[in-house]
Amino acid sequence: MASIKEQFEIPGKLKTWSYALIGVGAVALLYGMFTKGFSTDEHEQVHFWGTLMYNTIFWTLICNASMFFLCFNTMAQAAWMQSFRRIAEAISTLVPVFGAITFAVLIYVVVSDKHHIYHWLDAEAVAKDPILKGKSGFLNPTFFIIWTTLAIVLWSYFGYRMRQLSNEADVAPMDNETAKAFNIKSMVRSGFFLVWFGLTVASTIPWLWLMSIDAHWYSTMYSWYTFASSFVAGMSLLAVWLIYMKNKGYMELSNSEHLHDLAKYMFAFSIFWTYLWFSQYMLIWYANIPEEVVYFKHRVQGPYKPIFFLNLIINFLAPLIILMKRSAKRNFTLVAFMAVLIMFGHWIDFYQMVMGSLMKEHVSLGWLDFGVLSFFVGVMILMVARALASKPLIAKYHPFLKESVIHHT
Amino acid sequence: MAQKKFVVGCFDDEAVLFPAVKQVRAAGYKIKDVYTPFAVHGLDHALGMRETSLHTAGFIYGITGTTTAISCISWIFTKDWPLNIGGKPHFALPAWIPIIFELTVLFAAVGMVLTFCYLCQLAPGVKKHRFHNRATDDLFVMVIECSDKTNTDDLKALLSSNGALETDVQIAEDGWWFGTYDNDNDNLYNNKQLA
């Protein structure tokens, strides 16, 4: 393995691009903050904070998906992803960063009592409203703040512990006993993350952060739907980074076999997302009960109609048709294109989840959305590149590495 | 349906089998098949077999199922016997999606199973020659088809030098037939110590 490039040197072009994106994003963000975020017009406020909310939640969740990916593979003792595990680790280092931004935004929204975003913050309205009263044990500022804090801190902490453990695979070759102990320890640590992930991303966090925007409405599919959305976008992000690193001549041990399996995740979870999307939609459409239909009314028949169907085309039809063939999943160019498309599609999905409920009258998609997006993309590129450069690219003494090198689909 | 001559080599390790397959193919012999106790990853590749077209067949069956479901349900509910169900439109696509999906899966699954059986020539009563009974237990059995020019002794020597534990020449039915096997299981675990 002498010829393996272990040290990533950040290309100048990547830095330039990420600084440019952050610059553009920061200008849009600051301009938006002063013209909209702190304006006296509630509509403008909702526009700005809502935009910030869905962007930061989207990016936190898709970066967290990388750690989830690492943890469930570790738990299953799967070896195939060991050759590029450092990319997943690098992406997951963003959870504390984006988590902090999410935390700041959400806590600001709750503390400054923005009840146009979270209706349940309005104590007077809740007192008069039997439905919101019934939910007030869950939907109240104290619980929201505690649970949000816990969620972000523990994702970051358990993720950090996983990454620390992975460093041990850089030190020296492991003998049989050490490798066994290392494996058990990895599984235990990933178990902590997985349990916490199940209690947060796969259940409570989407209820709390996103679904409670429509405080009266609920859907039992919602958390899984959000999870599927963030997971498939997370897999796409991982694929984009893997392809980028391959293009730059790194990651010699990963090849089209690994790409094939990643693209299978993209394909399969696009369909899984559609399954949940459709299950949520069809039951509400079929029952046709006013308090449930209210969520879809303006999305399907109102101003969000184009977004609603664009969402379905990008996130279901495109992956289904384009990624179905085996040769497509092994084609680096096509997978890169599809990964970017899927990430964009799920960004749009998060857009309509949040803004579709906040601004029902018109679609506001414009400079602010793309400005904030460019800020997050810039930060993501820069931080992931730095995290990649800070560690060897291959965990070269990992007991499962060989299995990953000879991986064959 | 013809009797042919085959040279059979038995291996007890995949790690030996793979280089042997490579050597035999490089020497220009035609491998009929390798019978293994379990699915060996990458062996189809090593044997130079073409990619299966089973998935293409599956796609076509699936599309057929989708088409059948859509045309059937839409004809029934809009033309043949329109019913007012809960005030829904007659052409109620969302309600049909689960059935369309199920029919797609059903057609694809059943079609692929039948196609698989056809391609592998599997059916009740269909019999094929067993080159070595332990292929279903613990031996990897490579079967090489002989032509008129094949020197069986050379080939046997080649197999042995590549790690075959046992080699022999068999004249056997190439295809399949209906019927029963003769009671030829007597020499299954014969006295030769193989492994």
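## Helices 10 and 12 of chain A

Let's start in chain A, where helix 10 (residues 256-287) packs against helix 12 (residues 305-322) at an angle of about 140°, their axes being 9 Å apart. This is a predicted model, so please read every value here as computed from it. The two helices, helix 10 and helix 12 of chain A, are therefore oblique to each other, and helix 10 of chain A passes helix 12 of chain A in a left-handed crossing.

If you would like to follow the contact by eye, helix 10 of chain A brings A:Met266, A:Phe267, A:Ser270, A:Ile271, A:Trp273 and A:Thr274 to it. Helix 12 of chain A answers with A:Asn315, A:Phe316, A:Pro319 and A:Leu320. Sorted by type, the residues of this contact between helix 10 and helix 12 of chain A are seven nonpolar, three polar and no charged.

## Helices 3 and 9 of chain A

A second helix pair in chain A is worth a look: helix 3 (residues 85-92) and helix 9 (residues 222-247) pack at an angle of about 125°, with 10 Å between their axes. That angle makes helix 3 of chain A oblique to helix 9 of chain A. Their crossing is right-handed, whereas that of helix 10 and helix 12 of chain A is left-handed.

From helix 3 of chain A, the contact takes in A:Ile87, A:Ala88 and A:Ile91. On the side of helix 9 of chain A, you will find A:Leu237, A:Leu238, A:Trp241, A:Leu242 and A:Met245. The residues of this contact between helix 3 and helix 9 of chain A comprise eight nonpolar, no polar and no charged.

## The sheet of chain B

Now to chain B, which has an open sheet of four strands in the order 2-4-1-5, paired antiparallel. Strand 2 (30-35) and strand 5 (166-173) of chain B stand at the edges with a single partner strand each, so one side of each has no neighbour in the sheet. From one strand to the next, the twist averages 25°.

Let's walk through the pairings in sheet order. Strand 2 of chain B is joined to strand 4 (residues 140-145) of chain B by five bridges, antiparallel, and B:Ile31 has B:Ile144 in strand 4 of chain B as its bridge partner. Strand 4 of chain B is also joined to strand 1 of chain B, by six bridges and again antiparallel; here B:Phe11 stands opposite B:Phe140 in strand 4 of chain B. Strand 1 of chain B is linked in turn to strand 5 of chain B by eight bridges, with the two strands running antiparallel. In that pairing, B:Gly9 lies opposite B:Thr167 in strand 5 of chain B.

## A helix across the sheet

Helix 1 (residues 14-26) of chain B lies across strand 1 (3-11), strand 2 and strand 4 of chain B. Helix 1 of chain B runs at about 10° to strand 4 of chain B.

## Domains of chain B and contact with chain A

The domain assignment splits chain B into domain 1 (3-51 + 124-178) and domain 2 (54-119). Taken over C-alpha atoms, the centres of domain 1 and domain 2 of chain B are separated by 43 Å.

How many residues of chain B are in contact with chain A? Five residues of chain B are in contact with six residues of chain A. On the side of chain B that touches chain A, the residues are three nonpolar, two polar and no charged.

Conventions. Residues numbered from 1 in each chain as written. Chains lettered and ligands numbered in written order. Predicted model: local features only at pLDDT ≥ 70, side-chain atom pairs only at ≥ 80, totals over all residues. Pairing = 2+ DSSP bridges. Axes fitted to C-alpha atoms, helices over the stretch in contact; angles between N-to-C directions. Contact = placed C-beta atoms within 7 Å. Parallel < 35°, antiparallel > 145°, perpendicular 65-115°, else oblique. Left-handed = near helix turned anticlockwise from the far one by under 90°. Nonpolar A, V, L, I, M, F, W, Y, C, P; charged D, E, K, R; others polar. Domains from an automatic or database assignment.
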